[in-house]
Amino acid sequence: MLDIIVLGSGAGGGFPQWNSNAPACRAAREGRIPSRSQASLAVSGDGKHWFLLNASPDLRAQILATPELHAQDALRSTPIQGVILTNGEIDSITGLLTLREREPFRLYGTSATLAQLDANPIFEAVNREIVPRLPLDDETPLTLPNKDGTASGLTLTAFDVPGKAPLYAEHLPSQKGETIGLEITDGKHTMVFLPACADLTPSVRTRIRAADALFMEGTLWRDDEMIRAGLSPKTGLRMGHISMSGPQGIIETLHDAPSHRVFIHINNSNPVLVPDSPERRMAEEAGWIIGEDGLRLTLGERS
């Protein structure tokens, strides 16, 4: 069995973004359409022990909104067994500082991502003696243990995907492992988590086709979306993201994606966030779910 909870489905800045006065952000701020916190998932092999996929800046609120992640045993405790990072971007790592209250868990990331944490002394607040930092090897399956050493029932495989360095590290030489995807399986069912991807290479598409569920970045509807809106001089590809639409976009390229296909990491500028938009209708007609905070999916049955 594989339980999955979408803790946050928005891109960096969330939705509505704090400084945006765009119509969709105003509608979300006024409660007329759903708001979204920044992207993160929780996964479990037994419905009791949970692993977080990225630690967004909104993590505290996400935990409070998710009963499965509440303290349930000792005076201080957590069902969170570990945090698995797909990159070192601000919207993937900042939530680690929420978890600094001397609570044991395991922290996983590539050598490149862990080095980016190591270079910033603020993350020493997450005590290494209590929270070990464990490197992920590309394409090497890892049997995830619970923090007491018992089996979680889950196996993790990290795989390299096209991307870019975090914004704060773009001036440094590029490193392998700066952007990865995650494949997680209970032995019978498999999910793929791709919150950032600049190109759907043949190897990435092969891995997606073999999965039962896909949680895929949906940052932008079109590559020049931010430029057209006057929000940024950067294209989606310049930011390390492939767009939803277009001949090389996610919807057309992944027409044979798993039946459970969910867009997450959706930027506040993306028109699919508006429920009655043509873009939303096109995505849903192609079989995609527009992810929302709190969305739950279970693959398999409880024994």
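Which residues of the largest nonpolar core touch the most other members? This report takes up that point first, then the sheet and two buried side chains. The model is predicted.

## Nonpolar cores

The largest nonpolar core holds 31 residues. Those with contacts to the most other members are L194, L200, I208, M216, L254 and F263. Five named elements each supply two or more residues: α1 (23–29), β10 (190–194), α5, β11 (213–217) and α7 (250–253). Helix α1 gives the most, with 4 residues.

F263 shows the contacts of one such member. Leaving aside residues up to four places away in sequence, F263 touches M216, E217 and G218. F263 also reaches M244, I250 and I251. The remaining contacts of F263 are W288, I289, I290 and G291. A second core is separate and has 25 residues, among them L156, A158, I184 and L299.

## The seven-stranded sheet

An open sheet contains 7 strands in the order β6-β5-β4-β3-β2-β1-β14. Pairing is mixed. Strands β6 (133–135) and β14 (296–299) form the edges. Each has a single partner strand, so one side of each lacks a neighbour in the sheet. On average, neighbouring strands are turned by 25° against each other, direction ignored.

Strand β1 (residues 2–8) runs antiparallel to β14, and 4 bridges join them. L2 sits opposite L299 of β14. L299 is also a member of the second core. Helix α4 (residues 111–118) packs on the sheet and touches β5 (106–109) and β6. The direction of α4 makes about 150° with that of β6.

## F105, in a loop

F105 belongs to the loop between α3 (90–93) and β5. Is F105 buried or exposed? Its relative accessible area is 4%, so F105 is buried, the cut-off being under 20%.

Beyond residues up to four places away in sequence, F105 touches I80, Q81, G82 and V83. Other contacts of F105 are L99, V126, I130, V131, P132 and K147. The C-alpha atoms of F105 and D148 are 9.4 Å apart, although 43 residues separate the two along the chain.

## R207, in a helix

R207 lies in helix α5 (residues 202–209), an element that also gives two or more residues to the largest core. R207 is buried, with a relative accessible area of 16%.

Which side chain makes a polar contact with the side chain of R207? The partner is E183, at 3.2 Å. Not counting residues up to four places away in sequence, R207 touches E139, T157, F159, E183 and V192.

Note on methods. Residues numbered from 1 in each chain as written. Predicted model: local features only at pLDDT ≥ 70, side-chain atom pairs only at ≥ 80, totals over all residues. Heavy atoms only, no water. Pairing = 2+ DSSP bridges. Axes fitted to C-alpha atoms, helices over the stretch in contact; angles between N-to-C directions. Contact = heavy atoms within 4.5 Å. Buried < 20%, exposed > 50% of the residue type's maximum accessible area, 1.4 Å probe, protein only. Polar contact = N/O pair within 3.5 Å; in protein donor to acceptor, adjacent residues only side chain to side chain. Core = buried A, V, L, I, M, F, W, Y, C linked by side-chain atoms within 4.5 Å.
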